[in-house]
Structures are given as C-alpha cells and as structure tokens.
Amino acid sequence: MNKITYLNELETSLKGLPRQLIDQKMYEYETYFYEQELNGISEEKIIKKLKDPYDVANEVKAQNIIDYAQVRPNFTNITRAVIASLSLGILSIFVILIPVTLIGIIISLLFLMSLILLFCPILLIINAFFKGIYDSVSNILFAISYSGIGLVCIIIIFKILEYIYRIILKYLTWYIKTVKGSVKK
C-alpha cells in the first residue's frame with residue numbers, strides 16, 4: 001500500500017460523515033505524510049506506523065456520534081454512541097457493553113419499582129371498595145403516600161439519568177482516546 005491508496009481508503013471509509021469533518025481528517029493525514037516525508041521517512045514506514053484506514057474511520061465516526069449525542073441528548077443518540085464505540089474492537093464488549101447494560105438494568109428496575117409504587121394506590125383503593133371503605137381508611141391514606149413516593153422516585157430517576165447520560169458520554173470519549181492511544185499516563 002502506498003500513500004495515495006491509504007488516503008483513498010481513508011476517505012472512502014469516512015463516507016457518511018459531514019464533508020467538513022472528512023476534509024479536516026484528510027488534511028491531517030496528508031499533512032502528516034508530508035511532514036514525515038520531509039524528515040526522510042519512506043511511505044512504507046509511515047504507513048506501518050499508522051492504523052488501518054478502516055480503524056481510523058471507525059474511531060472518527062464513533063467520536064462524531066458521541067459529540068452529536070452531547071449536543072442532542074436522548075436515548076437514541078446514546079444508544080448510537082454505545083454501538084459506534086462497540087465497533088472499535090472486541091475489548092469494547094467488556095469495557096463498554098457490560099457496564100452500560102448493568103446500569104440500564106438497574107435504572108429499569110428502579111423505574112419499574114417507581115411505577116408500581118405510583119399505580120399501587122389504584123389496587124389499594126379497589127381493594128378498599130371490595131372490603132368496605134369503613135375498614136380501609138388507612139389503606140387509602142397509604143395509597144396516597146405510595147403514589148407520592150412513586151412520583152418522587154420517578155423524578156429522582158430522571159435526574160439521575162441526566163447524570164448517567166453525561167457520565168456514559170465521558171466514558172465513551174475516554175475509551176475512544178484509549179483505543180487511539182492518546183490517553184496520557
């Protein structure tokens with residue numbers, strides 16, 4: 001593989017990204033080749049130092065999706081960011097998928113518990129009508145308190161989700177930098 005082939009493969013692999021980002025990455029790599037060639041390094045040695053163009057494109061795409069998820073926070077964008085980060089290697093299954101899945105399961109269970117608390121009063125009120133309202137006044141009061149607790153829990157979960165969203169994006173950014181080898185030790 002020579003410089004032209006490498007740069008062509010890189011540009012082809014970057015398709016689907018905004019044109020400005022593609023141009024920026026191509027300029028970076030063309031400049032890198034130019035500077036290394038000025039230092040007397042052959043094209044073959046330069047290419048051996050660089051990652052495969054496909055891997056470089058995956059890293060750029062993953063970072064672009066993470067940046068977009070930071071600007072437009074929603075469940076779809078964070079899912080896309082996680083999936084894009086998973087494409088960076090087999091290690092990402094352990095480093096990304098397992099922690100994100102565990103966090104998702106815990107949040108889902110907490111949300112389910114909150115919904116049960118929120119709708120539990122309906123069951124208690126129905127039960128009170130069948131057993132008689134006079135014997136079940138305390139159940140009605142408990143029902144009101146359960147719905148309040150459920151509502152507060154849902155609000156707390158949504159606040160926690162905002163923080164988790166930011167933490168996951170920072171974690172994915174850190175992972176991409178680690179894959180690139182640019183994390184300072």
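1. A residue counts as partly exposed when its relative accessible area falls between the buried range, under 20%, and the exposed range, over 50%. That cut-off is handy below, as we look at the aromatic side chains of this predicted model.

2. Let's begin with the overall tally: there are four aromatic pairs in the structure. One of them joins Y6 and Y29, whose ring centres are 6.3 Å apart with 40° between the planes, a tilted arrangement. Y6 belongs to helix α1 (residues 3-13) and Y29 to helix α2 (residues 19-38), so this pair ties together parts that are 23 residues apart in sequence.

3. How buried or exposed are these two tyrosines? Y6 has a relative accessibility of 1% and counts as buried. Y29 also counts as buried, at 17% relative accessibility, because the buried class covers values under 20%.

4. Now for a pair in other helices: F111 and F158 meet edge-to-face, with 6.0 Å from centre to centre and 75° between the planes. F111 sits in helix α6 (residues 91-131), while F158 sits in helix α7 (residues 137-180), so the contact ties together parts that are 47 residues apart in sequence.

5. Back to the opening definition, then. F111 has a relative accessible area of 29%, so F111 is partly exposed. F158, with 45%, is partly exposed as well.

6. One last point for your notes: which residues do ring pairs link into a cluster? They are Y6, Y29 and F33, so the tilted Y6 and Y29 pair described above is part of a cluster that also includes F33.

Notes: Residues numbered from 1 in each chain as written. Predicted model: local features only at pLDDT ≥ 70, side-chain atom pairs only at ≥ 80, totals over all residues. Heavy atoms only, no water. Phe/Tyr/Trp six-rings, centres within 6.5 Å; stacked < 30°, edge-to-face > 60°. Helix = DSSP H or I, 4+ residues; strand = E, 2+ residues; numbered from the N terminus. Buried < 20%, exposed > 50% of the residue type's maximum accessible area, 1.4 Å probe, protein only.
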